[in-house]
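Trainee: Could you walk me through one part of this structure up close? I'd like to look at the largest nonpolar core and what packs around it.

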Amino acid sequence: MTVDNTHEAVDRVTAEIEALRQAKPQLEEVLKAFSPFIIMRQRWLATPELRRQPWFADELRLAGGIPLIKQRDAVDDLLWEAAARFAVSSIHQGFPWFVEDTAKLAEMLATGQATATGLLAGQVFESESESGNPAPVDQMQPGAMRLFRNFGRRFMLSGARQDHESLLQRCSWSKGYCPLCGALPQVAVLDDQGRKLLVCLECSHSWYFSRLSCPGCEHEDAQASTVFFVDDTKDETAFVCSQCGRYLPTKRLSLALKQPNYDVVSLGLIHLDMILQEKGFLPMSEGIWNVLTASEEPAEQR
Ligand SMILES: [Zn+2]
Ligand SMILES: [Zn+2]
């Protein structure tokens, strides 16, 4: 992809973030924290030359319901290093209260005290054993490390998703979990024709799913689910399952002209996350901004 395309992708998502900021000024702080990651993810996807070696994928096993993440070969160390650099930069820009931690992390990686593969591979592949934290990691704030691992994993998974785009489009998939990374969706979209699209924010993949079933427990009992909404904003709802106690924020959107950035769509619905978690429901999938913990917030806000 050319530099122009990178600019175009970044400009487009920046405009979507700006539109959300205008529409919902109360999201200012959360947008400040997470938009660097969202923009960096666009940059990452616009530079596929960073990923010279796509993962192995077996179409037949995929057709049998086995997500691609369980079929992979080893990933190149250089790729982990690139993902680690993107993750450090995302935290550095969005979370200024972790500035010492990002400096320490960058130094550890540059001097070889820690390797990106050692810190990140176990976050993506279960079979990859954690190589134990090098001593300096233990001195870092847990919130900074959690963001680093979470962002690093998302860069890797969304890259793999892009590399396997045509295979994923070809396969018919009716499960509630993601065919690439196996995660449950974090947000859903109801399109112009009333069809439900589930969106995995770990890897950014989306796929159509039965409107009445729960992606979490896959029941098809219409009595066991309800639609939750606030006041008259009926374009922004949540699917709530009384069987497994989980919810899925859902936005009605026209997909005819363009595909929106789903990270931005999800951020625009976090008021539903807050309300439903207060009511005791669990998110379908624990992302970063829908379960923000105290350790990620600046100390003075705790
Ligand atoms: Zn996924
Ligand atoms: Zn359920």
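Mentor: Sure. In this predicted model, the largest nonpolar core has 72 residues, and the members that touch the most others are Ala-83, Ala-87, Ile-91 and Leu-180. Helix H4, which runs over residues 77-94, gives this core its largest share, 9 residues. Both domains take part too: domain 1 (3-166) and domain 2 (174-294) each supply at least three residues. As a background idea, nonpolar side chains in soluble globular proteins tend to be buried together.

Now pick out Ile-91. If you skip its neighbours within four places in sequence, Ile-91 is in contact with Phe-98, Thr-102, Ala-144, Leu-147, Phe-148 and Phe-151.

Next, move over to helix H6, residues 116-124. Its buried residues are Ala-116, Thr-117, Leu-119, Leu-120, Ala-121 and Val-124. Among the things covering them are H4, helix H5 (99-111) and helix H8 (142-163).

Let's stay with H4 and H6 for a moment. Their axes come within 9 Å and cross at roughly 85°. An angle between 65 and 115 degrees counts as roughly perpendicular, so that's how H4 sits relative to H6. On the H4 side, the residues that meet H6 are Asp-77, Trp-80, Glu-81, Ala-83 and Ala-84. Their partners on H6 are Ala-116, Thr-117, Leu-119, Leu-120 and Ala-121. Sort this contact by class and you get 7 nonpolar, 1 polar and 2 charged residues. Notice Ala-83 here: it meets H6, and it's also one of the core residues that touch the most other members.

Note on methods:
Residues are numbered from 1 along each chain as its sequence is written. Chains are lettered from A and ligands numbered from 1 in the order in which they are written. This is a predicted model: local features need pLDDT of at least 70, side-chain atom pairs count only at pLDDT 80 or more; totals for chains, interfaces and linings use all residues. A nonpolar core is a set of buried Ala, Val, Leu, Ile, Met, Phe, Trp, Tyr and Cys residues joined through C-beta atoms within 7 Å. A residue is buried if 20 or more other C-beta atoms lie within 10 Å of its own, exposed if 12 or fewer, and partly exposed in between; C-beta atoms are placed from the backbone. Helices (H or I, at least four residues) and strands (E, at least two) are DSSP runs, numbered from the N terminus. Domain bounds come from an automatic or database domain assignment. Two residues are in contact if their C-beta atoms, placed from the backbone, lie within 7 Å. Axes are lines fitted to C-alpha atoms, for helices over the stretch in contact, and angles run from 0 to 180 degrees between N-to-C directions. Angles under 35 degrees count as roughly parallel, over 145 as roughly antiparallel, 65 to 115 as roughly perpendicular and the rest as oblique. Ala, Val, Leu, Ile, Met, Phe, Trp, Tyr, Cys and Pro count as nonpolar, Asp, Glu, Lys and Arg as charged, and the others, Gly among them, as polar.
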